[in-house]
Amino acid sequence: MSISSSIVISVIFLLIFPGCKESDSNSQKLTISDQEKIAALIKKTEDNMIFVKGGTFQMGDFGPIDEGTNGLPYSVDKDNKPLHTVTLDSYSISATQVSYDDFDTYTLATGKKPINNSGIEKKYRAPNVPAGVTWYQANDYCSWLSANTDSTYKLPTEAQWEFAARSRGQLYIFGTDDGTYERGKNIPTREEIRRSTKSNSLTSPSIIKSKPSNPIGIYQMGLNGFEWTNDWYSENYYNTSPQLNPQGPDSGSKKVERGGGLGEGTTAKFTFNRRSSLPDASFIAPNDKLETGAMREHTFRCISITK
């Protein structure tokens, strides 16, 4: 590569990452190839964002207003009730979950250690598999994008997540092309899932775009592992949630996750299903001790809003 080409790439890198000064220790360690890879991630991320026009919808278990349910709810869970009106401003959301390939480029750019590179999680790791992360790691990734682009990136609120999964609030039980759940048609086959990682497992999420997206262009939303949202969790939040751009409780001990694990039944993958997890993805074992959960199922995608 010529000296002039190296200078051009370095200038582009500094324009894309205004917070990275030439004196920063990590930026000094990055090769031209590294810089190109990071710039490619930024471009891919921006190209992968799906615009979601704002609007008003009925959030929660919409069984009582859906035809054919005789006014009954779809779920016995209490925390996705009552059905309530929510109005959201426009935003954009990633068409796919953040992959290990994406997250590895982020750790390269920031000088952090690669994640899940040892132990049992290693066999579930592959470039096109959603990165298994804590809420803190997911939040930091979105914040890094925000600091290095012209848009504000962050984790979606659970209202934004559900609105997008339901293709702007349609009465879709599943986040598929038509709201149905049919393996091989709009859900990956078991063989496709097995081939995605070295684990040969049916319970490992994988980004598979061979099946159609939902009507607004988002893939596997709620169908491919849990997804972190920005909100603190409260079982009774829907009773007090404001109509305009709800942000969740001001504080809490757990964060809201949406979506279901691949080893769970179909009801866990309902677009309005709520669950909660400690931000570090640990759980309280029967012996009352905190233990690390299966990181592979804790995934995420970011939203963006133009600054």
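**Exercise 1. State how many helices and strands the protein has, and how much of the protein is buried.**

Solution. The count of secondary-structure elements comes to 7 helices and 12 strands. The model examined here is a predicted one. The protein has 307 residues, and 53% of them count as buried. As a last step, consider contacts between residues at least 6 apart in sequence: 72% of these join residues at least 24 apart.

**Exercise 2. Describe the largest nonpolar core and identify the helix that gives the most to this core.**

Solution. Begin with the general expectation: nonpolar side chains in soluble globular proteins tend to be buried together. In this model, the largest nonpolar core comprises 28 residues. The residues with the most contacts inside this core are F103, V133, Y141, W144, W228 and F300. Next, turn to the helices: α3 (32-47), α4 (100-110) and α5 (135-147) each contribute at least two residues to the core. The greatest contribution is that of α5, with 6 residues. Finally, another core lies apart from this one; it holds 20 residues, including V52, F57, F163 and Y238.

**Exercise 3. Determine how α4 and α5 are oriented towards each other, and which residues make their contact.**

Solution. Two quantities describe a pair of packed helices, namely the angle between their axes and the distance between the axes. For α4 and α5, the angle is about 70° and the axes are 11 Å apart. Angles of 65 to 115 degrees count as roughly perpendicular, and therefore α4 is roughly perpendicular to α5. On the α4 side, the contact is made by D102, F103, Y106, A109 and T110. On the α5 side, Q137, D140, Y141 and W144 take part. Sorted by class, this contact of α4 with α5 has 5 nonpolar, 2 polar and 2 charged residues. F103, Y141 and W144 thus appear in this contact, and they are also among the residues with the most contacts inside the largest nonpolar core.

**Exercise 4. Give the strand order of the open sheet of 4 strands, and locate its edge strands.**

Solution. The order of the strands is β1-β4-β12-β5, and their pairing is antiparallel. The edges are formed by β1 (49-52) and β5 (151-154), each of which pairs on one side only. From one strand to the next, the twist averages 30°. To examine one edge in detail, follow β5 to β12 (residues 303-306): the two strands run antiparallel and are joined by 4 bridges. For S151, the bridge partner in β12 is T306.

Definitions and conventions
Residues numbered from 1 in each chain as written. Predicted model: local features only at pLDDT ≥ 70, side-chain atom pairs only at ≥ 80, totals over all residues. Heavy atoms only, no water. Core = buried A, V, L, I, M, F, W, Y, C linked by side-chain atoms within 4.5 Å. Buried < 20%, exposed > 50% of the residue type's maximum accessible area, 1.4 Å probe, protein only. Axes fitted to C-alpha atoms, helices over the stretch in contact; angles between N-to-C directions. Parallel < 35°, antiparallel > 145°, perpendicular 65-115°, else oblique. Contact = heavy atoms within 4.5 Å. Nonpolar A, V, L, I, M, F, W, Y, C, P; charged D, E, K, R; others polar. Pairing = 2+ DSSP bridges.
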